[in-house]
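This briefing is meant for a reader meeting the structure for the first time. It takes up the nonpolar cores and then the two sheets.

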Amino acid sequence: MGWLSRFEPVRHGLNETKSSPSGSRDEPKRSSYLPHEETLAAVSTPAETTATGTNSSWRESRVPEFPATPISGIQSLMRSLNDQQRRASTTDSRIALVRAGAGTGKTATIIARCAHLISEGVSPNSIQVLTFTRRSAAEIRERVEEILGPRAYGLNASTFHSWAIGLLRNSEELWGYAGWTVIDADDQVSLFREARGRRPRGFPTAGQIMGVYSLARNVGCRLSEAVKIRLDISEEISAELGPIAREYERQKSLGKYLDYDDILDIVGQHLGGSEPLAAWVAQSFNHLLIDEVQDTNPLQWKIIHALAPHVSLYCVGDDAQSIYGFRGADFESIHNFKDALPEADEFSLTVNYRSTQGILDLSNWVLEQSPLDYNKKLVAARTESSTPRIAEFISDNSSADWIAGQIQQSRDQGEALRDNLILARSGWSARSMERALLERGLPYRFYGGQKLLESAHIRDLLATLRITVNPFDKLAWRRFLTLYPGIGPVKAARITEEQTGIYIDTGGFDFYLLRPPVAILLQELLEARQDPSRSVQRAAYHLIPILKDKYASDWTHRRHDFDLLLELSTDHTSVAEFLEQHVIDPLSSTERTGGPDSDYVVLSTIHSSKGMEANNVYLFKAGPGNFPSEQAKTEQEIEEDRRVLYVALTRAKNSLTVTRTAHHYPPPYTRFRTDFTSLPYFLRKVPHSLWDVVHVPEPRNTFNPPSRKRVPAPPSEQNEVIPEDTYDEVPFDDLPHHDIVPDDIPHEDISFDIAPYVDVPFDDLPHHDTVPDNIPHEGISFDIAPHNTVADDIPYDDVPYNDVPKRSPQNQHPEVSSGALPFSAEQLRAFGITDQ
């Protein structure tokens with residue numbers, strides 16, 4: 001049904017049995033039915049299961065469930081709003097769209113809307129707020145509770161995926177997915193890699209296929225249409241992707257897996273196809289509030305549209321901040337809102353309370369250069385003035401050093417580190433900035449970097465917990481078993497098949513067939529399934545000695561992550577819930593460093609910075625090739641990059657500094673690189689009146705920058721270790737440091753975009769420490785296409801671009817060691833450069 005029926009994948013119900021193609025034991029099945037009215041009547045309502053809300057229509061929710069008495073908190077809040085915000089937050093419209101420009105109080109208006117409803121007598125349990133990040137949901141809930149106190153307890157605020165998985169879990173007998181577990185993007189790639197098998201050169205990688213398949217599901221198009229959007233391949237190769245997708249679905253059914261897209265797809269398909277089911281789900285809340293509605297994709301919009309007739313719908317968004325097109329977000333959804341819901345009333349917020357007018361003038365100018373009519377010109381409510389700054393540098397390292405120095409100076413003058421926000425285009429481009437902060441001893445938190453549960457050592461430990469939740473999880477079995485010496489992939493597969501077969505027959509494992517250490521650990525974890533904290537403690541007790549040897553090179557850094565993992569586990573009531581919530585809403589590995597009151601610099605990707613603001617904002621590496629990205633080819637992609645820049649600029653309150661590299665490579669090296677002057681660039685013709693140029697003196701000998709003390713690699717550069725003697729047996733995508741190059745980039749096509757290093761000793765090559773010794777180095781480069789996979793708060797947050805920082809040894813010219821040809825001493829002297 002829907003998009004999936006076009007590829008005819010295997011879809012099963014839990015109560016059915018069918019022989020697998022291989023003739024092995026019966027596969028676990030999942031349901032593909034739409035519940036009938038009598039089925040809905042037989043199960044508890046969402047309100048009974050998740051919260052005590054009313055089952056009446058939205059209009060009846062206005063009947064007070066609490067006395068509607070005056071509250072000083074709500075009165076103070078309403079007095080703090082301007083007329084636009086007050087009208088929008090107190091409207092009686094059943095369906096409302098609030099167009100809120102950057103810094104105009106979007107979050108404050110949603111908070112005021114929740115507080116207004118509760119003060120009017122609406123039960124907080126009957127209000128559901130859907131956001132795109134865990135951070136936004138927590139902020140809304142906490143601030144409403146600050147205003148109203150205990151009266152606000154029970155307000156529901158969560159991400160789309162958290163809400164949807166809660167719906168599936170709270171009525172498992174209805175949806176038919178009891179015992180199924182959610183897998184993350186890495187596990188998805190592993191399954192696609194198995195389904196893909198060995199293919200010739202030029203065939204899409206597992207990561208690329210996953211990205212295309214995810215796009216097709218989220219936008220509701222055919223797989224062949226998604227291929228045309230994302231990949232440049234022949235029709236013959238495109239035709240082979242359908243069977244791969246079907247095999248992927250079959251493998252998911254065997255392992256009882258749900259992937260990230262399944263969560264919304266199951267709910268969206270069912271709600272869109274069954275009016276009784278939509279009405280039944282809507283009984284759990286009378287008011288549905290959507291934050292950042294411009295970022296919804298067609299699948300999420302299907303859910304909203306199905307629930308709209310049964311609830312009061314309140315949506316807030318800004319078309320100029322729609323920056324998630326790569327994951328299927330529909331830029332036009334906010335423009336077509338009234339066409340889809342004709343009875344909607346629209347409100348606008350136009351007064352900016354965040355930034356000075358100088359910062360807004362530059363932001364407005366960026367939008368005015370667009371061929372699209374955004375019809376948006378922000379006006380500052382503040383009377384203070386400031387002018388943005390532009391600073392140019394000879395290299396990314398010098399730019400990062402300068403920013404870190406500016407922040408250190410401000411701290412020495414009494415300013416808090418948290419007043420500084422550094423924005424980077426991607427996690428890759430932030431690495432040199434991380435190093436500069438580490439060198440100066442400046443604590444920081446990185447939003448949008450590697451997620452804690454994506455780290456290899458954490459995934460190793462959690463594999464044991466996953467087995468206790470889903471005994472059919474072959475990926476977890478394989479990862480867990482191969483930690484022990486003498487157990488390789490083949491033996492692990494045999495043990496997995498043996499134990500899952502026994503589990504099907506007896507409902508348990510045969511521990512006598514397992515090694516004593518394996519059996520003891522599994523027994524302890526099975527007994528602690530309802531205690532996540534104890535499960536993490538026992539798993540760590542048994543596995544840390546093994547993991548310490550496996551990750552000996554950087555164990556000092558990694559071991560602290562187990563303390564954070566234990567801290568996170570205390571917030572949950574079962575291992576299943578703990579694992580599921582942190583797959584759906586992952587936490588960055590540096591997101592909880594330090595105590596709650598500690599002072600630190602905030603470093604973030606732009607995609608992860610939505611909702612952030614700071615007194616001082618530094619936009620790092622905002623040069624040609626990044627705005628727009630070199631990979632942005634279509635008009636839609638270029639315009640989305642313009643909106644990415646707009647989002648970055650509008651995070652600043654008092655001070656905005658833009659940095660860029662003036663000369664990516666000094667002559668004569670530029671002839672080996674892209675001519676950046678020919679690239680489109682949003683900031684090339686900025687009027688001089690809109691910013692001040694900062695002249696930063698560069699070291700006289702830029703080929704020999706000041707010696708730096710050695711610092712540990714940033715957390716984002718800690719990588720999984722694979723024994724060197726097994727490289728020949730490991731697929732390229734599984735090799736160490738595979739996260740340096742996205743999975744969806746064919747390794748045979750990667751090159752440093754310079755002449756081949758055929759005659760250069762391997763140890764002298766740039767990045768020789770990020771490529772295994774037995775991988776051919778000819779023609780390797782990071783001039784790559786955008787990342788095509790979809791992962792959370794994707795971020796959804798991390799889209800690698802052609803800006804991977806190159807590490808340079810001490811006392812070497814950074815450009816030479818980062819990708820330029822290694823010239824001889826005679827050649828360097830010919831250009832007036834010494835080789836000392």
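A nonpolar core is a set of buried Ala, Val, Leu, Ile, Met, Phe, Trp, Tyr and Cys residues that are joined through side-chain atoms within 4.5 Å, where buried means under 20% relative accessible area. The model described here is a predicted one, and in it the largest nonpolar core has 45 residues.

**Nonpolar cores**

- Within the largest core, the residues that touch the most other members are Trp163, Leu271, Ile290, Leu307, Leu313 and Phe337.
- At least two residues of this core come from each of several elements, including strand E1 (95–100), helix H7 (160–170), helix H14 (260–273), strand E6 (287–290), helix H16 (298–307) and strand E7 (312–317).
- Leaving aside residues up to four places away in sequence, Leu307 touches Trp163, Leu271, Ala278, Val281, Ala282, Phe285 and Leu288.
- Another core, made of 39 residues, lies apart from the largest one, and among its members are Phe480, Val518, Phe562 and Leu568.

**The sheet of six strands**

- Six strands form an open sheet with parallel pairing, and their order across the sheet is E3-E2-E6-E7-E1-E8.
- At the edges of this sheet are strand E3 (156–159) and strand E8 (345–349), each of which pairs on one side only, while the twist from one strand to the next averages 15°.
- Strands E1 and E8 run parallel and are joined by five bridges, and Ala100 has Leu349 in E8 as its bridge partner.
- Helix H5 (residues 106–119) lies across E1, strand E2 (127–131), E6, E7 and E8, and the helix runs at about 160° to E7.

**The sheet of seven strands**

- A sheet of seven strands, which is also open and has parallel pairing, follows the order E13-E14-E12-E15-E16-E11-E17.
- Its edge strands are strand E13 (444–447) and strand E17 (692–694), each pairing on one side only, and its twist averages 20° from one strand to the next.
- Strand E12 (residues 420–424) pairs with strand E15 (residues 614–619) in the parallel sense over four bridges, and in E15 it is Asn616 that serves as the bridge partner of Asn420.
- Helix H29 (residues 635–649) lies across E12, E15 and strand E16 (652–661), and the direction of H29 is at about 145° to that of E15.

Definitions and conventions
Residues are numbered from 1 along each chain as its sequence is written. This is a predicted model: local features need pLDDT of at least 70, side-chain atom pairs count only at pLDDT 80 or more; totals for chains, interfaces and linings use all residues. Side-chain values use heavy atoms; hydrogens and water are left out. Two strands pair if DSSP finds at least two bridges between them. Axes are lines fitted to C-alpha atoms, for helices over the stretch in contact, and angles run from 0 to 180 degrees between N-to-C directions. Contact means heavy atoms within 4.5 Å. Buried means under 20% relative accessible area, exposed over 50%, partly exposed in between (1.4 Å probe, protein chains only).
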